[in-house]
Amino acid sequence: MGKRLIVIGGVAAGMSAAAKAKRTHRDMEVVVCEKGSFISYAACGMPYFLAGDIADHRELIVRTPEQMIEQGIDARIRHEVMAIDTQARTVVVRDHDRRRDLSLDYDTMVIAAGARPAWPSLEGSDLDGVFGLRSLESGLALQRFLAQHKPKKAVIVGGGYVGVEMAETFRRLGLQVTMIVRSGRVLRATADDDVRKLVQAELDLHGVEIVQDMPISFEGERNLEAVVTAGGRQPCEIAMLGMGAVPNVELALGAGVLLGPTGAVATDVSMRTNLPGVFAAGDCAEALHLVTGQPAYIPLGSTANKQGRVAGENAAGGQAVFGGVVGTMVLRCFELTVATTGLTAAGARDAGYKVQETMIQAKDISHYFPGAEDIHVKLVADSDTGKLLGGQIAGKHGVAKRIDVLATALFNRMTVAQLRQLDLSYAPPFAPVWDPILVAANVAAK
């Protein structure tokens, strides 16, 4: 008999871990316990599903439990792990459909419990019409509410990237949208003010009102009627929480798994926790930030999938290593694409660097070619060494392509002087002879 691996959580990290473990050790019994009703789905696609770009939620599902069973993986939906006994190497699992608890033993385990929306402890937060968006179930609930209640006014509490994406979604659906942001600055943790202002201008252009205020409570009888703030009252029929994510660590913590400085599960480069045979991956776990050399909490699907593969391979006896992250992300805000990687200038100063900031505006393709648009590139560098620390790009086209260049440069610890020497592609319909990346690097290198 082969050994048994139990995977807690069946979305990005969990299913990547399960599949990789099975490929690594064909005789291993792999059991996935997912408390929700779906496994292996693209959560990042939900704003576009809600906007109507994706007609059926099933298009977001990569694998079903039946498909995983065909591959030899026992994927169980609506099975919630309630407790872990690391001494006996058992877990207590609640089967919500049969309303019973069962005990399963394990040889190795991957905790991929994910994260949940940051939910403020405010009066009325349980009213119908107050939503977070993290699981596919939450997306379907939001879709049902929109169809049944046909709200006219939406309030988004918080200014993170999910909030920005949902502001676009609500506007496309014809709702009035107000974003309540305590600092008054959307994407405050992601972009510096000079780039962030471009995003706020795009939101303003499309009728999204940004209010600097603090939510106090949600008001209503049974259904939401308003968000009450320190400065007044915002009438609405639907409110969306966009205040970031909180790692689901309670189960791990109760089993004796150590947390790191970010509050997520601490792991080494093999995704091992402090407990023998117990690994962690995805949105409940930390990742090594390659720029700072310190643990970071950056819950993104791309990171979750990579960490899951490493955890699954090692849980099956392999020797894989997770290479770390530089915090690369990209989002669409109406006609504007904004992307960041590495440290912001503010983040670099907080990390103790002496910072040099360079921001340029150029054309995204040859200026004489039809359709040329402005693109903004910002580089953040260590002024003592010239080492690239981060980058931010905003524009209509070609943003994702270029942020990946900067992410690669960060991964390889390049300086701006080295960045300016890159042999980037050139043809008039795709890029100028001096790509905006090179223009920014030339200015920074001076």
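Where is D192 found? D192 sits in the loop between β11 (176-181) and α6 (193-205). Helices (H or I, at least four residues) and strands (E, at least two) are DSSP runs, numbered from the N terminus.

This is a predicted model, in which local features need pLDDT of at least 70, side-chain atom pairs count only at pLDDT 80 or more, and totals for chains, interfaces and linings use all residues. Residues are numbered from 1 along each chain as its sequence is written, and side-chain values use heavy atoms, with hydrogens and water left out.

**D192 and its contacts**

D192 counts as buried, at 8% relative accessibility. Buried means under 20% relative accessible area, exposed over 50%, and partly exposed in between (1.4 Å probe, protein chains only). Leaving aside neighbours within four places in sequence, D192 is in contact with T344, A345, A346, K378, V380 and Q392. Contact means heavy atoms within 4.5 Å.

**Two cysteines**

A disulfide is a covalent bond between the sulfur atoms of two cysteines. Here the rule is a pair of cysteine sulfur atoms within 2.5 Å. By this rule the count is 0. The table shows C33 and C284.

| Cysteine | Closest cysteine sulfur | Relative accessibility |
|---|---|---|
| C33 | C284, 15 Å | 2%, buried |
| C284 | C33, 15 Å | 0%, buried |

The sulfur of C33 does not bond to that of C284 because 15 Å is too far.

**Helix α12**

Helix α12 (residues 436-445) is mostly covered, with 7 of its 10 residues buried. These are P436, I437, L438, A440, A441, N442 and A444. What do the buried residues of α12 pack against? They pack against the strands β23 (355-363), β24 (374-382) and β25 (388-395), and against the helices α10 (399-411) and α11 (416-419). At the start of α12, a side-chain oxygen of D435 comes to within 2.9 Å of the backbone nitrogen of I437.

**The cavity**

The structure holds 1 cavity of 30 Å³ or more. A cavity is a set of points, on a 1 Å grid over the protein atoms alone, where a 1.4 Å probe fits but cannot get out; lining residues have an atom within 4 Å of a point. The largest cavity has a volume of about 50 Å³, a volume being the space filled by probe spheres set on the points. Its lining includes G282, D283, I298 and Q307. Helix α8 (residues 301-315) gives the most to this lining, with 3 residues.

Terms used. 1 Å grid on protein atoms, 1.4 Å probe; cavity = no way out; pocket = protein on both sides within 12 Å on 5 of 7 lines; lining within 4 Å. Polar contact = N/O pair within 3.5 Å; in protein donor to acceptor, adjacent residues only side chain to side chain.
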